[in-house]
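Please look over the sequence and the three-dimensional model shown here, and then follow the paragraphs below, which lead from paired charges to packed interiors and finally to the backbone.

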Amino acid sequence: MIPELIKENIFLEDGQIISIETGKLACKANGTAVVRMGKTSLIATIVISKKEKEGINFLPLIIDYKENYSAGGKIPGGFLKRERRPSDEEVLTMRLIDRLLRPLFPQNFLKEIQIIIYLLSYDINVLPDGLAGLVASAAVSISGIPFKGPVSAVRIIRFKNSFLINPGIKSVKKSDINLIIGGTKNSILMIEGEMKEISENEIIYFIKIAHFFIKLQITAQINLIKNLKIKMKNFPVFNNLNFIYLKKKIKYIFYEKIYCLYKKASSIIRFQQMEILLLKINNYFLYDNIILNEDEQNYIFEILKKEILREIILKENHRLDGRSLDDLRKIWSQTNFLPSVHGSAIFSRGETQALSTVTLGSSLDVNQIDNVILQDKQKFYLHYNFTPFSTGEIKLLKGISRREIGHGNLAQRALKNIIPFKTPYTIRVVSDILESNGSSSMATVCASTLALMDAGIPIKRPVSGISMGLIINFLTDEAIILSDILGDEDNIGDMDFKMTGTKFGITACQMDINFPGSNYEMLLNSILKAKNCLLFLIKKILNTIKYPSLKENYPKIFYFEIKKKLIGTVIGSGGKIIQEIKTSTNTNLKIEEKENLGIIEIYGKTEKQIKNAILKIKNLIFFPKKEKLYKVKIKSIKNSELIIILPSGQTMDLKKYENFKKFKTLNLYSFIRKGDWIKIKSVNKNGKINFKRII
């Protein structure tokens, strides 16, 4: 018997339909939903553990997103023909879903939750990541778990001066605004995207349009839930002690000590002293016959710290480090920090420090992307590394974390549109975080701008980045916006808003709001304050380095054209000849066929290396022209065939060329011998070879 399918449709203004389905697939999961738009289909499942996860004091939410190659009619490349570790694009989608859903679960819910989303079918006209938030929210809502949803997200772009919702990859590549926006029916929760120097009013306009379509998708989820007659299930939460009593007593005992630490101590001393206070908590409950385990201590202590820190900011209108709400931390920066690399810079803002390096490579060094959705070659890419010592911790250096991929992608988006399109180089930027106390991704943007200029890249304009925070007074609804937030302010705040831009407009942003109550006015005020910070930081950047300037050690690239039929001559059998040229001249060579030509790219560290490679290639493709003299060395004379040696060491039988004919008259060679140097002139009108012996 086929299970009953329950379905809800969303009708878009352009005639497209989004459908949400449940009841037919993966029925053993706590909640399952399928979303379709065009030929793109995704399935999301949620499973909730039966027992609470021990040893934690946070929401144990796991988000996994996987794109099956079969969805795009492909077979995975490589030796193992199956899907492997998540691609960067899959990781970025996981982060989007996590940021959208996590704030809406009860924070004292300690049962492990796993949400898995699969791309089942891919339509080139509909990117799946714009639908991932919708399908995940639908699965969670169907499960009956405590959740302040439904929510949804859409991708919105500006293409040919009009907006598109959930477009295809081709349109996205040509757009000047590309945003994924998520929210509830009443507020925006998450924004992620890149832009080509747009204004604050433009971004607010597109947020409003996106919110309209988010509301349509939420309404469809509500209707689906009504048809299913879902009831909220009784999931126990972490509240097995007299929580209010414990928190009040701990606050009474430790309030002054915690308050003083936040007011006076540095982040390192504060962390050490907080750990000591935490160990003392149990001593104060011995007479009450209450013994707290480590999880309970940590949970209550974290809540208490957040309350105290919020009180300090709300009541006194200044920060942990004594700054006013709008002040930025002290800044210093330096370029040419590592003189042997192509470009480098260090940017330090308070206790956050980023070291960025730039390496200039050839077209052989492009970052090749080959997944279900996209086949692309990136000539500019940025890698972000978060070191454990930056926070004074000890951790094994394992693989790249999701956080590092996300922060690197944000910084790359911020800078990619100010890189000159016609630059001959492949540009790799690496940002290593040496100290971290908030806004390390935005320090990366500033450090990388400096490093690009230090490497001599003629960027359009400097880009800077800032991270803004928000504290809401829920008694008065007052919103306090914080500029250049610290790590602690990020942890206790209601918003983390990262924005990058030039003096002409915004280039990228990432916003996460931790409460369902934001409004457009609050978003606009945050953007305007961030804009002032960006302009201040750009002045700081230009004080450090005014103009891009190439270093002495910059690599050289030379291009020249050959006839298409000569490409094989340069490459050789099995690539033997081109590899020999690379090795002997210490250069990188690439030949690309374009129409009836072969375009040769030569990359070397010095001009001498480039010239040596050029000479070898030109000698390889040597073709005598009529009525022109050439200086060559004779290798052999046999059967009236003249075999010569070119200066590169390559041999040539003149018989093979149309300009030279076979002569049987031995008198022609009567006065030259093997090893002689001659000047040889091509065939004249009478078909004779003219040459002159050089003594």
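A residue is called buried when its relative accessible area is under 20%, exposed when that area is over 50%, and partly exposed in between. The model to which these terms are applied here is a predicted one.

With that cut-off in hand, Arg158 counts as buried, because its relative accessibility is 15%. Arg158 forms a salt bridge with Glu202, and the closest N and O atoms of the two are 2.9 Å apart. This pair links distant parts of the chain, since Glu202 belongs to helix α4 (residues 200-228) while Arg158 belongs to strand β7 (residues 152-159), 44 residues apart. Glu202, at 26% relative accessibility, counts as partly exposed.

The structure holds 23 salt bridges, and another of them joins the side chains of Arg413 and Glu194, at 3.2 Å from N to O. Here too distant parts of the chain are linked, with Arg413 in helix α8 (residues 402-416) and Glu194 in strand β10 (residues 188-198), 219 residues apart. Arg413 is buried, with a relative accessible area of 16%, and Glu194 is buried as well, with a relative accessible area of 12%. Arg413 and Glu194 also belong to a network of salt bridges that links them with Arg99, Glu192, Lys416 and Asp512.

A further salt bridge is formed where the side chains of Lys529 and Asp326 meet, at 2.9 Å from N to O. Lys529 lies in helix α11 (residues 520-544) and Asp326 in the loop between α7 (294-316) and β11 (331-335), so this pair ties together parts that are 203 residues apart in sequence. Lys529 is partly exposed, with a relative accessible area of 28%, and Asp326, at 42% relative accessibility, also counts as partly exposed.

What is the situation of Arg95, and how far away is the nearest side chain of opposite charge? Arg95 is buried yet has no salt bridge, and that nearest side chain, which belongs to Glu192, is 6.2 Å away. Arg95 is found in helix α1 (residues 88-101), and, leaving aside residues up to four places away in sequence, it touches Arg402, Arg403, Gly406, His407 and Gln510. One of these contacts, His407, is found in helix α8 and is buried, with a relative accessible area of 8%. With the same limit on sequence neighbours, His407 touches Tyr384, Ser440, Ser441 and Lys498 in addition to Arg95.

From the charged residues we can turn to the nonpolar ones. The largest nonpolar core has 136 residues, of which Leu101, Ile115, Ile117, Leu179, Ile203 and Ile427 touch the most other members. Helix α4 gives the largest share of this core, 11 residues. Ile203 touches Leu179, Met195, Ile198, Ile506, Cys509 and Ile527, when residues up to four places away in sequence are not counted. A second core, separate from this one, has 26 residues, among them Leu246, Leu278, Ile308 and Leu325.

Nonpolar residues are found on the surface too, where Leu25, Tyr118 and Leu120 form a patch with about 240 Å² of accessible area together. Leu25 has its place in the loop between β2 (17-22) and β3 (31-37), and at 40% relative accessibility it counts as partly exposed.

The backbone offers some last points to consider. Most residues other than glycine have a negative phi, and most peptide bonds are trans. Ala26, which is placed in the loop between β2 and β3, has a phi near 50 degrees, a positive value in a residue other than glycine. Ala26 counts as partly exposed, at 38% relative accessibility. Glu595 likewise has a positive phi, near 55 degrees, and its place is in the loop between β23 (588-594) and β24 (597-604). At 69% relative accessibility, Glu595 counts as exposed. As for the peptide bonds, the one from Gly149 to Pro150 is cis, with omega near 0 degrees, and Pro150 lies in the loop between α2 (129-143) and β7.

Key:
Residues numbered from 1 in each chain as written. Predicted model: local features only at pLDDT ≥ 70, side-chain atom pairs only at ≥ 80, totals over all residues. Heavy atoms only, no water. Helix = DSSP H or I, 4+ residues; strand = E, 2+ residues; numbered from the N terminus. Buried < 20%, exposed > 50% of the residue type's maximum accessible area, 1.4 Å probe, protein only. Lys, Arg positive; Asp, Glu negative; His and termini not counted. Salt bridge = Lys/Arg side-chain N within 4 Å of Asp/Glu carboxyl O. Contact = heavy atoms within 4.5 Å. Patch = residues over 30% accessible without salt bridge, like charges linked within 9 Å, V, L, I, M, F, W, Y side chains within 5 Å. Areas by Shrake-Rupley, 256 points an atom, 1.4 Å probe, with all protein chains shown as cover. Core = buried A, V, L, I, M, F, W, Y, C linked by side-chain atoms within 4.5 Å.
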